[in-house]
Amino acid sequence: MMKISRQERMGLGLVAPSFFFLLVFFIIPAILLFVCSFWMAQAFRLIPAFTFDNYARALSNTGFYFLTWNALKNGLCTAVLTVVLSFPAAYFIVYRTRGNLLFYLILVSWFSSYLVRIYAWRVILGSNGLINTTLMQLGLIDQPLEMLLFSPFATIVTLTHIMLPFGLLLLVSALRDVKKEYVEAARDLGASQTEVLTRVILPMCYKGVVGAFMFTFVISAGDFVTPQLLGGRDGMTTGILIANQFRTAGNWPFGAAMAFLLLAAFLVVYLGFVRLLDLLRLAPGRRFHD
Amino acid sequence: MLRFYVWLYVAFLYAPIAIITLFSFHSSASLTFPFEGVSLRWYAKIFSDTTFLNSLTNSLIVGASTAAVTTVLGSLTALGLARLKGRIQTVFGLLAFGPVALPGLFLGIALVMLFSQVGLQRSLVTVTIAHVLFTLPFFIEAVRSRIEYFDLSLEEAARDLGATPLQSFRLVTLPIIGPTIGGAAILSFALSFDEFIITVFVSGNETTLPLTIWSMMRRAVSPDINAASVISLGLSIGLILIGGLLVWYQRRLALSARAKDLET
């Protein structure tokens, strides 16, 4: 038996309430959901069973693949855009500014309610929306551009807008670990701007970039509200299908099975992304610093 | 170049919010330019809507309860984590971060499954439970970095000088980490106030503000949504600003006090 110090015993006592809360409202529900994905539903009632029917039903349906592809596509486009657009801003904040005013200004926009932002994009992109009416008044188009709203484009623009501040937060905290001195040393030793970026900064903040990418990806690929309100018929995703099982249609075990299949798809994307960075030699081969 | 890009980035973030705010004061129902005139009619309309007012009250109640519970749980956890080492700390840190690493959809359906299996009626209580689950990871993350720098030997010194554990907490620990905890509590409130994805599954008959905005959006595009949105935006952004200023002011006070100590 390992000896536990007084400090540690007190530490365990202090984290116990949260542990209990997370056990009851996070771990147990997740296990329950997994167990339920093997149950059956009859006339909106759950019947405990052990069947793979729910998984088989999802996997034998071509629609399921199509919707999952849509979800992954939303997630990937949003994650790429968020990281690519936020990285220069994070770089600027960490290396070119002294105060935190700009950083806070961006973070505050994160608290502009999620639904309000979806609504705002609907007003902007709609066929009577700001972009279309302005373009028509300027005489650049005669017909409103219908594809702006109710399309995957609208979903991705909105999700990117929602995710940018959070992505930036993660990237800034990752870049703060890469000390200015390393960057200066590399420049002094004759590295170009690009070399500093790809051979010093990126390998050192690798974890943060992967973290920002995956967070954005998971949250936007699993989002069902934005595609439902802005995605149109072609923009339907697995998330909407799962949400509907738990609201109207009512086959909970089927919904649970699809949720776990979606999580499995997320895991595949994660492994693929890490492999890709490895192949591009952007991942660190060894530890550079503590 | 880069500076220009960053300001463009900020403009992109704020433009939709600015547009909604502008049109919430529009005197006509049109949501397009040219802007015809300023009026408060949409605010008058929304403030006479009892559904809206009820859901606003509910959101404030849920936000305050969430912030209270999260602050207690989160502060204890952050203080506990500072005392733990090695694997236990890593494992618990990961567990505590789990709820935000998954899509809200997943948390929503898992919770609604739990509530239905144990027979707990969906109400503002279940909404609060869900919100605590969602805000706790953010709270712990926000407070943790500050507490990691907290020197445990300060507490020990107080204990050696005869303070009880409670006294050393109240007189030594709390004044140091207090402002951070206050800021994180406000953060929890704001996150709860805006939460929609999980809430949609776990709420019963009583609605919160985002649920009301959602049902307004599904009905028709009516300009009073603009007013409702701006009220919602104003409350959460205003709160965050107040919280931020509070933390900043406290830190400045502490710094100037320390500078004075050094002088004497």
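A265(A) sits in helix α13 of chain A, the one that runs over residues 252-279. Is A265(A) buried, exposed or partly exposed? With 17 other C-beta atoms within 10 Å, A265(A) comes out as partly exposed, because a residue needs 20 or more such atoms to count as buried. Leaving out residues up to four places away in sequence, A265(A) touches T68(A) and L72(A). L72(A) is 193 residues away from A265(A) along the chain, yet their C-alpha atoms are separated by 8.2 Å. Keep in mind that all of this comes from a predicted model.

**Chain A as a whole**

Stepping back, chain A is built from 13 helices and two strands. Its C-alpha atoms fill a box of roughly 80 × 70 × 35 Å along the principal axes. Of its 290 residues, 41% count as buried. If you take the contacts in chain A with a separation of 6 or more, 73% of them come from residues 24 or more positions apart. The pair A265(A) and L72(A), 193 residues apart, shows that kind of separation.

W121(A) is another good residue to click on. It belongs to helix α5 (residues 114-125) of chain A. Why does W121(A) count as buried? Because W121(A) has 25 C-beta neighbours inside 10 Å. Setting aside neighbours within four places in sequence, its contacts are A154(A), V157(A), T158(A), H161(A), L230(A) and, from the other chain, P16(B). T155(A) is 34 residues from W121(A) in sequence and 9.3 Å from it in space, C-alpha to C-alpha.

**Chain B and its two domains**

Chain B has 11 helices and zero strands, so no strand turns up in its pattern, which reads α-α-α-α-α-α-α-α-α-α-α along the sequence. The C-alpha trace spans about 70 × 55 × 40 Å along its principal axes, and 43% of the 264 residues of chain B count as buried. Among contacts in chain B between residues at least 6 apart in sequence, 79% join residues at least 24 apart.

The chain is split into domain 1 (1-40) and domain 2 (51-259). The C-alpha centres of these two domains of chain B lie 30 Å apart. Eight residues of domain 1 of chain B are in contact with six residues of domain 2 of chain B. On the domain 1 side, the touching residues are five nonpolar, three polar and no charged.

**Annotated membrane segments**

Unreviewed UniProt entries mark "transmembrane region" features in both chains. In chain A the record puts them at residues 12-40, 71-94, 101-120, 153-175, 196-219 and 254-277. In chain B they are placed at residues 7-25, 60-82, 94-115, 121-140, 171-193 and 225-249. Here is how some of those stretches look in the model:

| Segment | Helix | Strand | Distance between end C-alpha atoms |
|---|---|---|---|
| Residues 12-40 of chain A | 86% | 3% | 40 Å |
| Residues 254-277 of chain A | 100% | 0% | 35 Å |
| Residues 94-115 of chain B | 91% | 0% | 25 Å |
| Residues 121-140 of chain B | 85% | 0% | 29 Å |

A265(A), where we started, falls in the annotated segment 254-277 of chain A.

**Where the chains meet**

How many residues does each chain bring to the contact? Chain A brings 65 residues and chain B brings 61 residues. On the chain A side, helix α1 (residues 6-36) gives the most, with 20 residues. By class, that side of chain A has 48 nonpolar, 13 polar and four charged residues.

Then there is the largest nonpolar core, with 146 residues. The residues with the most contacts inside this core are L171(A), I109(B), A110(B), L111(B) and L133(B). Domain 1 (1-40) and domain 2 (51-259) of chain B both give residues to the core, so the core lies between them. As for L171(A), its contacts beyond four places in sequence are S86(A), F87(A), A90(A), G208(A), V209(A) and A212(A).

**How far to trust it**

The model scores ipTM 0.87 and pTM 0.89. Chain B averages a pLDDT of 86, and 97% of the residues score at least 70. Among the elements of chain B, helix α7 (residues 152-160) has the lowest mean pLDDT, 80, whereas helix α9 (residues 199-202) has the highest, 94. Where pLDDT is low, the predicted coordinates should not be read in detail.

How values were computed:
Residues numbered from 1 in each chain as written. Chains lettered and ligands numbered in written order. Predicted model: local features only at pLDDT ≥ 70, side-chain atom pairs only at ≥ 80, totals over all residues. UniProt positions renumbered as here; feature names shortened; annotations may be inferred. Helix = DSSP H or I, 4+ residues; strand = E, 2+ residues; numbered from the N terminus. Contact = placed C-beta atoms within 7 Å. Nonpolar A, V, L, I, M, F, W, Y, C, P; charged D, E, K, R; others polar. Buried ≥ 20, exposed ≤ 12 C-beta atoms within 10 Å, placed from the backbone. Domains from an automatic or database assignment. pLDDT = per-residue confidence, 0-100. Core = buried A, V, L, I, M, F, W, Y, C linked by C-beta atoms within 7 Å.
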